[in-house]
Amino acid sequence: MKNEKRPYLKAILLTFLILLFPIISGTIIAISGLEGTSATMIQTAAFVVAFCIGALIAKKRAGSLQNIGLRLANIGDLKDYLWFLPLILIEILPFFAGFEEDLSFSYIAAYLLFMLAVGFTEELYFRGIIVDILKRKGIVTVIFLSSVLFSIGHLANLLAGAPLNETILQVIFAFLFGVVAVQITLATNSFLIPAIWHTLHNFIASITASNDGSESMIISGLQGVILLVYGIYLWKKKPDQLQILAVNPDLEPDLYRGDGIV
């Protein structure tokens with residue numbers, strides 16, 4: 001098979017590409033003075049455009065979004081969904097902090113659309129196209145580099161005025177999130193479950209008070225620990241994942257050798 005030319009450069013450029021859209025939308029919002037639902041819809045539109053561009057890139061690379069990983073996860077038995085219980089536990093924790101005050105239908109609807117756009121767009125880039133670009137370099141490179149690029153992208157929050165300490169914690173959390181998400185993608189030959197998880201994670205964070213006060217540190221810490229343990233567990237089980245998660249046989253087994261040679 002044809003070797004990928006300059007895969008690291010392509011992965012980095014794609015990261016910069018997707019970062020352009022929240023920066024552009026943020027600039028538009030700041031200049032126009034938009035707030036609330038209107039500002040959220042501008043952000044949503046920016047990510048929809050980013051998704052469309054990513055879809056064109058994916059189609060050029062693999063012929064279709066399905067071939068790049070946007071397809072139903074190939075899981076054999078119902079009991080295999082028990083593998084995703086840690087994800088459910090992670091998303092239950094924020095509800096212990098309670099809901100945000102003054103939630104309205106327009107707010108919930110706007111943020112749900114926004115988080116859908118963010119979740120599916122970022123997974124298309126980081127667990128779809130970038131994974132496809134790096135797959136010839138071995139599983140260690142795929143997991144580590146795609147997760148590093150995903151986490152570094154969150155440094156852009158500093159431009160929006162986020163505190164340095166909170167941003168650093170978010171970068172660390174994003175890295176752990178990426179490690180788990182990419183392993184699920186490789187195990188199921190699909191980034192659909194990570195995209196749904198990504199969407200729900202962001203949406204739940206936006207409607208709960210889990211980012212406010214001292215409880216936020218406790219919740220984030222517990223979520224981080226679960227992600228770390230779950231990520232290590234998935235890594236340890238990788239020789240058996242093809243059987244446990246009934247992965248599509250089209251997934252190249254050489255990726256799990258870790259030697260970067262195909």
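This passage describes the helices, cores, ring pairs and a few individual residues of one protein chain. The model is a predicted one, and every value below is computed from it.

The overall layout is a good place to start. The protein contains 10 helices and 0 strands, and from the N terminus on its elements run α-α-α-α-α-α-α-α-α-α. The chain has 262 residues, of which 45% count as buried. Contacts across the sequence are mostly long in reach: when residues at least 6 apart in sequence are considered, 81% of the contacts join residues at least 24 apart.

The interior comes next. The largest nonpolar core holds 49 residues, and the members that touch the most others are Val-180, Ile-184, Trp-197, Leu-227 and Tyr-230. Helices that each supply at least two residues of this core are α1 (7–32), α2 (36–62), α4 (85–92), α5 (105–134), α6 (139–152), α7 (164–188), α8 (192–207) and α9 (215–236). Among these contributions, the largest share is that of α7, with 10 residues. Ile-184 illustrates how a single member is surrounded: with residues up to four places away in sequence not counted, Ile-184 touches Phe-84, Leu-87, Ser-190, Ile-193, Pro-194, Tyr-230 and Leu-234. Another core, of 7 residues, lies apart from the largest one and includes Phe-47, Met-115, Val-118 and Ile-207.

For readers who like helix geometry, the packing of α7 with α9 deserves a closer look. Two packed helices are described by the angle between their axes and the distance between the axes. Here the axes of α7 and α9 come within 9 Å and cross at roughly 35 degrees, and the crossing is left-handed. On the α7 side, the contact is made by Leu-169, Phe-173, Leu-176, Phe-177, Val-180, Gln-183 and Ile-184. On the α9 side, the residues are Met-217, Ser-220, Gln-223, Gly-224, Leu-227, Leu-228, Tyr-230, Gly-231, Leu-234 and Trp-235. Sorted by class, the contact of α7 with α9 has 12 nonpolar and 5 polar residues, and no charged ones. Val-180, Ile-184, Leu-227 and Tyr-230 take part in this contact and are also among the core members that touch the most others.

Aromatic rings add a further layer to the picture, with a count of 9 aromatic pairs. One of them joins Phe-47 and Phe-114 in an edge-to-face arrangement, with 6.0 Å from centre to centre and 65 degrees between the planes. The pair links distant parts of the chain, since Phe-47 belongs to helix α2 and Phe-114 to helix α5, 67 residues apart. Phe-47 counts as buried because its relative accessible area is 6%, under the 20% cut-off. Phe-114 is likewise buried, at 11% relative accessibility. Ring pairs extend this arrangement, linking Phe-47, Tyr-107, Tyr-111 and Phe-114 into a cluster. Phe-47 thus appears both in this cluster and in the core of 7 residues.

The short helix region around Leu-65 offers another link across the sequence. Leu-65 is found in helix α3, which covers residues 65–68. Its relative accessible area of 24% makes Leu-65 partly exposed. With neighbours within four places in sequence left aside, Leu-65 is in contact with Phe-51, Ala-55, Ala-58, Leu-70 and Leu-124. Leu-124 lies 59 residues from Leu-65 along the chain, and their C-alpha atoms are separated by 8.6 Å.

Backbone angles and loops complete the survey. Most residues other than glycine have a negative phi. Arg-6, in the segment before α1, has a positive phi near 50 degrees. Asn-189, placed in the loop between α7 and α8, also has a positive phi, of about 60 degrees, although it is not a glycine. Their surroundings contrast: Arg-6 is exposed, with a relative accessible area of 64%, whereas Asn-189 is buried, with a value of 13%. Ala-156 lies in the loop between α6 and α7 and counts as partly exposed at 25% relative accessibility. The C-alpha atoms of Ala-156 and Thr-167 are separated by 8.8 Å, with their positions 11 residues apart along the chain.

How values were computed: Residues are numbered from 1 along each chain as its sequence is written. This is a predicted model: local features need pLDDT of at least 70, side-chain atom pairs count only at pLDDT 80 or more; totals for chains, interfaces and linings use all residues. Side-chain values use heavy atoms; hydrogens and water are left out. A nonpolar core is a set of buried Ala, Val, Leu, Ile, Met, Phe, Trp, Tyr and Cys residues joined through side-chain atoms within 4.5 Å. Buried means under 20% relative accessible area, exposed over 50%, partly exposed in between (1.4 Å probe, protein chains only). Helices (H or I, at least four residues) and strands (E, at least two) are DSSP runs, numbered from the N terminus. Contact means heavy atoms within 4.5 Å. Axes are lines fitted to C-alpha atoms, for helices over the stretch in contact, and angles run from 0 to 180 degrees between N-to-C directions. A crossing is left-handed if the near helix is turned anticlockwise from the far one by less than a right angle, and right-handed if clockwise. Ala, Val, Leu, Ile, Met, Phe, Trp, Tyr, Cys and Pro count as nonpolar, Asp, Glu, Lys and Arg as charged, and the others, Gly among them, as polar. Rings of Phe, Tyr and Trp (its six-membered ring) pair if their centres lie within 6.5 Å; planes under 30 degrees apart count as stacked, over 60 as edge-to-face and the rest as tilted.
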